Each structure stands twice: as C-alpha cells, then as structure tokens.
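I opened the notebook today to go through a few local features of this model, and I note each one as I looked it up.

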Amino acid sequence: MAFSKDDEQFMRRALALARCGFGKTSPNPVVGAVLVKHGRVIGEGWHKRAGGPHAEVFAFRMANAARTRGRDVRASTPPLAARRSTLYVTMEPCSTWGKTPPCTDAIVAAGVRRVVVAALDPNPKHNGRGLKILRRAGIRVDAGLLADEATAMNEAFNKWIATGTPFVIAKAAMSLDGKIATRTGDAQWITSEAARREAHKLRARVDAVMVGANTVIRDNPRLTLRHGVRGRQPWRVVVDARGRSPCQARVYTDRFRHRTIVFTTRLSSSQWRRTLALRNVVVIVVPAKKGRVHLGVALRELGRMESTNVLIEGGSELLGSLFDARLVDNVVLFYAPVIIGGRDAVTAVAGEGASQVARAIRLVDCHCQPIGKGEMLVEARVA
C-alpha cells in the first residue's frame, strides 16, 4: 500500500497526540486519532486514562461538537459529522467489549469511509480482528503507516500483553568512570538538578519504581515525583529477601506507603512482614533463589498487578542480578562530568557479570542527549 504525504502528515499528528497519554493510560496502550474530511482535520483525540473513552471516541465528539456549535439540537440527534471521513489511528481499533464499547462499532455507526492504521493490536486474540470487522462493513482499511514508530511507542504494553511481565528499564546516574558512589558510600549528588528532573519525568511515565534493600538502608529514598514533575505516583517496589530494610524507612511510613510493594522471602522474619502489612504496605513472599528474591517471579507478580513497565533505580547489586538473569529490556544512563575513582567505589552494575567480552550484554538503538552543564543522557535497548 502506497500512502500519500497527507496520510503521513495526519498520522504523525495522531502519533503526537498519542504521546500525550504517556504515564496515564496503563495498563492500556497510548493511542491517538485524527479525523479528516475534505483534507481538513475535523476532530482529534487521544486515550487519556484506562477505563475512559478511547481516542476514536474523542475525535468523533470533537467533530460533532464543532458541527452543532451554536445550533439548537435538543429536539434532534446531532448530525454525523464523520460521515465519509477518513480516520487515522495509531493502533488497530478495539473490537471487543471491555470497560468501554468496541471502537469498531462507533466507527461503523459514524459512517467513516476510510480508516488508516499504524500498528496492529499485539494481543493474539485481537490481532487483525478489528480490521476484518471494518472491512466487512464496507470501510476501506489501510494498515502499516509509520508502524515502527507506533509500535515503539507502546513497547511496554506490547511486552506485557505478550508475556505477562513488565518492560524493565535499568536506570543509573554515575560518574564518567561508572561509579554511583564513592568508597565511603557518598552518592549525593553526582548528577545535577537538571538530570534529576529528567529522571523524575521518567518516573512519571512508569507503573513501578524498584530498588533493593541496600538502597533503602543507605539512602532512605522517597521514590516520589518531585522536582516540579506531576503525575500518578508509581508503585514503589523494594526487593528485600531477608527483611534488612528498617521499618521506619520513608517508603514504609509516609503518605504513599499504601503504594509500596515489598518482595521478600521466608528468610525474612514474620514480625517484620507483619509490621509492614499493618501499615498497608503490600508484602509479597516469593521463592528464594540463591538466598535472594527470585526476580523472575517478582516481575510476573508485578505483571499480574497490571504493571506494564518498571524502572530499576538501584542499587548496583539489584541491577547486576537483573542483567545476569537477562531480564532488562532498556537502559537509561545519566553521566556526570566527574571522575570518582577508587577500587572500592560502588560501580553502577555489580552481580557476576560476563566471564568473557563475547558474552557481554549488547545494546542497540543507542541515543545520546546532552543535559545541563556537560552531562549526558544515554538510552539504549538491550539486543
């Protein structure tokens, strides 16, 4: 299928609208829609929250509102402004009932002439089904326009739908020589305010933020959204096999303690687990693996709780364990223009590591972006 320049222009607008939903729609995907008639946009929208109307419905509402503005429509049904229009949507319209009616029904009822789709629904139960329904209704359907961009936008949702486990993002802030703390454990602050603001923006886009027991003991982090960043507070996840983190830690006592999950094992004391549970902390006991929390099981539990992505914020042992188990999907690394040095300084990734360079974890699609004064943000996907 050959798409026109206008097709690409309108789909890029739909992709831009979809991005407005980042951090707000989970466990649903982000989706944008643009409704065009006679070469002019008459309606547009994006999916704003799980359980709410989908992008297509917002586009239809905008079109009908514009058509009826200033008219008395109390005695009649508003006109179908979308009749014989073209709908551009970043993901295949849903075709089954969930918390909202199928979008395929709304599209058919609106009298849309043509639907242009970027990516198909990754759910095997639905993949391509919505397109078949629309075609059977006599609507022209063209799929695949900017599909790679649309798919990448929902990489976390796509993995979660396919595997039941969240998309894992490993994040670290370090010196140029790869240290996240000095030999004395001092780590505040290696990166600047500008870098920390970017890190908090990343927090606002994920469902969960995970740290290990050592990080709670050493740093007593809040793991909340700050630095001027607003949004839904993600789950705060602590991995603590033996119950070493203090019950008075911020994540167990502040106003968001009900948004804290602790993954532990039978190696922790029942009294420690009971104390946290009485504070409305979610305590989940999982099997131990070599004396540590079985991270694969913990991630499956997060997926079951509808967390589609999780940001790993440390420490080095947790990051190392996840890399050793090949459970990381993406990396986000903040580099500050400083050298810490020291053989006993804390490195960003511990664990066993690769025994040979040939077995090292390879990264692809690497992007570098300057931040603040001399700092660098590196993002890449695990091959």
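I began with Y88, which I count as buried because its relative accessibility is 4%, under the 20% cut-off; I keep in mind throughout that this is a predicted model.

I then looked up the aromatic pairs and found that the structure holds two. In one of them the ring centres of F10 and Y88 lie 5.4 Å apart with the planes at 45 degrees, so I entered the pair as tilted. This pair links distant parts of the chain, since F10 belongs to helix α1 (residues 5–19) and Y88 to strand β3, with their positions 78 residues apart. I also checked F10, and with a relative accessible area of 8% it is buried.

For the rings of F157 and W160 I noted centres 6.4 Å apart and planes at 50 degrees, so this pair is tilted. Both residues lie in helix α6 (residues 155–163), three residues apart, or about one turn of the helix, and both are buried.

Next I turned to charges over rings, where I found the charged end of R205 over the ring of F22 at 4.1 Å from its centre, and the charged end of R259 over the ring of W235 at 4.3 Å from its centre.

Going back to strand β3 (residues 86–91), I looked up T90, which has its place there and counts as buried at 3% relative accessibility. The side chain of T90 reaches the backbone nitrogen of G32 at 3.0 Å, and among the residues that T90 touches I listed M11, V31 and A150.

Key:
Residues are numbered from 1 along each chain as its sequence is written. This is a predicted model: local features need pLDDT of at least 70, side-chain atom pairs count only at pLDDT 80 or more; totals for chains, interfaces and linings use all residues. Side-chain values use heavy atoms; hydrogens and water are left out. Helices (H or I, at least four residues) and strands (E, at least two) are DSSP runs, numbered from the N terminus. Buried means under 20% relative accessible area, exposed over 50%, partly exposed in between (1.4 Å probe, protein chains only). A polar contact is a pair of N or O atoms within 3.5 Å; within protein, one must be able to donate a hydrogen and the other to accept it, and residues adjacent in sequence count only if both atoms are side-chain atoms. Contact means heavy atoms within 4.5 Å. Rings of Phe, Tyr and Trp (its six-membered ring) pair if their centres lie within 6.5 Å; planes under 30 degrees apart count as stacked, over 60 as edge-to-face and the rest as tilted. A charge sits over a ring if NZ of Lys or CZ of Arg is within 6 Å of the ring centre and within 35 degrees of the ring normal. Lists of a residue's contacts leave out its neighbours within four places in sequence.
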